[in-house]
Amino acid sequence: MDGSTPAQWISRHDQDGWLGAIDRAILAAEAAELELSRHGGNDPSQQRKASGSYYTPSDVAGHFWDLFFRLHRIRDLRSLLAFVATSDLVEPSAGSGMFVFSFLRKAAQLGATPESLAGVRFHVVDINLAALRFFSERLREVEDAAGVRFDGIRLVQSDFLAWAKTGTTTNVVFAGNPPFVTNPRGSRWKNLYADFLEAMLTYEDLKGVSLILPLSICFSRDYSDLRVLIRSAGMGISASSYDNIPDCLFKAGKPDSTNTNRANSQRCTILNLGGPDPSVREASPLQRWPAAERASILSSTPVFRAFSDRDASGQIPRPASETLVDYMRGTAGARPLRTFLSNAGRVAFAVGGVARNYIGIRDHNVATPGSIPIKVASGDASALVLQVLSSKLFFDYWQTYGDGFHVTVNLIERFPVTSALEEDCMRNRDRTRKVWADRAAYAKEKLNSGRVVRSYDFRAAFEEA
Ligand SMILES: C[S@@+](CC[C@H](N)C(=O)[O-])C[C@H]1O[C@@H](n2cnc3c(N)ncnc32)[C@H](O)[C@@H]1O
C-alpha cells in the first residue's frame, strides 16, 4: 500500500470493484423502501404501516454499526475476523438488506477482503418475499463484483417470532430495525417491537442484541418488565437516543405517518447489548440536531454517561448532564417533591404540560388546558417548588427521565429534593417572591388552538441571586 489506511486505499482503488457494488446496493436498498413495502395487494402506504416497513436510511445504518463495533470492541481487522468467526448474525426483519450491506461496507473499511469475509454467517429473515428477492439480487451483484460467494449469508422467509422459537443457532447476535407496529388489544406487549426484543432476550444461546427501537423502550411503564429482562440478560448495555425535531433518524416519518411531518416521526433509541464487558451501563442524552448537522451527528460517538441498575426510575435514563448525574447520586433519603405539595392547599401556579427548551410556569388563576396546577399549603413550599421546577436541574431531570415532550405529574412528584437543595431554596425565598411579583418580565406567549398561552421562562431568574 502507500501509507494510506486500508479504508482509504480501498476507496481509491476499488470504485468499480466490490466496494462500489456494496455502495450501489446500499443506494438501491434505500431507494426501494416504498416499493418493497407493497406486501400483498393493499394500498402501499397502509400496508407499509401495517407491516412497520420503514427502512433504515444508509447514514443511520452506518452509525448503527459504528456503535455496534465500538461496544464489541471491533477496532481492527483482527478483532473483526475473530468476531465473525465466533458469531452468527441475525437480521430479524431485513427488508431490502440495508444492515447486511452496511455491515459489509464497515468490514471493508477495516480492511476486510471479500475472501476474508466469505465465511461470515448472517441469517437474513423477513416475512416479505419480495424484499428478500430484492436483497438476493443485490447480493448476487456484490458477489459477482467480489468474485466470492457469501454462502453463509442465508435468506429465510419467515415470521421472525416463529423463527426464534425454533432456532438452534448458537452464539447469536441479533442486529436490525424491527417493525414498530401497534399490537391488537390484550396482547402481551403494546407494540410488536417488544415481542421481537423479548424473543431475542429469551433466545437460548444469545451473544448480543443491537436494535433501533422507539424511545419508549427506555421510559415507558408498558415495557418495565422488558427492561428487567434487559438488565438481567448478563450483557453490557449501551443506549443512544435521538429526538425527532428538528431532524430525525427516519426521514419519511415512522410509524404513525405516511407523510414527511417530522413531528409524527419517532424518537428512537439504538440499543446495543453485548460486548466483552457485561457490566457496561452507559446511555446518551436525548440528542437533538438540525438537519445541517446530521452528517456530523451520525459520524460521531454520542456522549455516553454511566448509569446504574439501581436507578430508582427503573428506566434506561438519558442522562442530560454531569450535574444531574452527580445530583442523583446523592439523593438517597431525599424527599420527593410530592411531599412539598398539598392536595388540600391553594393553587400557587401551574406548569405547562409539554416542554421543549424550558419548563413553562403559568399563572394559577387561568385554567389553561394542558397545564398542571401546583397546590401547596404554605408560601415557603410555593417558593421552593417554584424554584425547583424552574431550575436547570429539574429541566435536566425531565430530559433524563421524561418522554422528551410531556411534563407529567408523576415526573414532578418524584423529583428528589435533597436537604442541601431545600436549604438553598429556603435561603432564596424572598428573591423568589420578588421574581414572581415581577413575572411579566419573564413572559413568553404563543398561540395554541387560537388562544394566547402565556408561560414564564424562569431559567435565569433564580441563578442571578
Ligand atoms: C422497519 S422495516 C426494517 C427493514 C430493514 N431492517 C431496514 O431497517 O431497512 C421492517 C421489516 O419487517 C418486516 N416484518 C414485519 N413483520 C415481520 C415479522 N413478523 N417477521 C419478520 N419480518 C417482519 C417487514 O416486511 C419489513 O421489511
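**Notebook: surface, a helix pair and one loop residue**

I began with the surface, and for the protein I have an accessible area of about 20,600 Å², of which 50% belongs to carbon and sulfur atoms. I note here that the model is a predicted one. Turning from surface to interior, I found that buried residues account for 53% of the 465 residues in the protein.

I then looked up the secondary structure, which comes to 19 helices and 16 strands. For contacts in the protein between residues at least 6 apart in sequence, I recorded that 75% join residues at least 24 apart.

Next I took up one helix pair, H2 (residues 18–31) and H8 (residues 129–146), whose axes are 8 Å apart and which pack at an angle of about 165 degrees. Since angles over 145 degrees count as roughly antiparallel, I entered H2 and H8 as therefore roughly antiparallel to each other. Their crossing I noted as right-handed. On the H2 side, the residues that meet H8 are Trp18, Ala21, Ile22, Ala25, Ala28 and Ala29, and their counterparts in H8 are Phe134, Arg138, Glu141, Val142, Ala145 and Ala146. Sorted by class, this contact of H2 with H8 has 10 nonpolar residues, two charged ones and no polar ones.

Last, I looked at Thr331, which I placed in the loop between helix H14 (322–329) and strand S10 (335–336). Is Thr331 buried or exposed? I entered Thr331 as buried because its relative accessibility is 14%, where the cut-off for buried is under 20%. Once I left aside the neighbours within four places in sequence, I found Thr331 in contact with Pro416 and Thr418.

Terms used
Residues are numbered from 1 along each chain as its sequence is written. This is a predicted model: local features need pLDDT of at least 70, side-chain atom pairs count only at pLDDT 80 or more; totals for chains, interfaces and linings use all residues. Side-chain values use heavy atoms; hydrogens and water are left out. Axes are lines fitted to C-alpha atoms, for helices over the stretch in contact, and angles run from 0 to 180 degrees between N-to-C directions. Helices (H or I, at least four residues) and strands (E, at least two) are DSSP runs, numbered from the N terminus. Angles under 35 degrees count as roughly parallel, over 145 as roughly antiparallel, 65 to 115 as roughly perpendicular and the rest as oblique. A crossing is left-handed if the near helix is turned anticlockwise from the far one by less than a right angle, and right-handed if clockwise. Contact means heavy atoms within 4.5 Å. Ala, Val, Leu, Ile, Met, Phe, Trp, Tyr, Cys and Pro count as nonpolar, Asp, Glu, Lys and Arg as charged, and the others, Gly among them, as polar. Buried means under 20% relative accessible area, exposed over 50%, partly exposed in between (1.4 Å probe, protein chains only). Accessible areas come from the Shrake-Rupley method with a 1.4 Å probe; for residues, only the protein chains shown count as cover.
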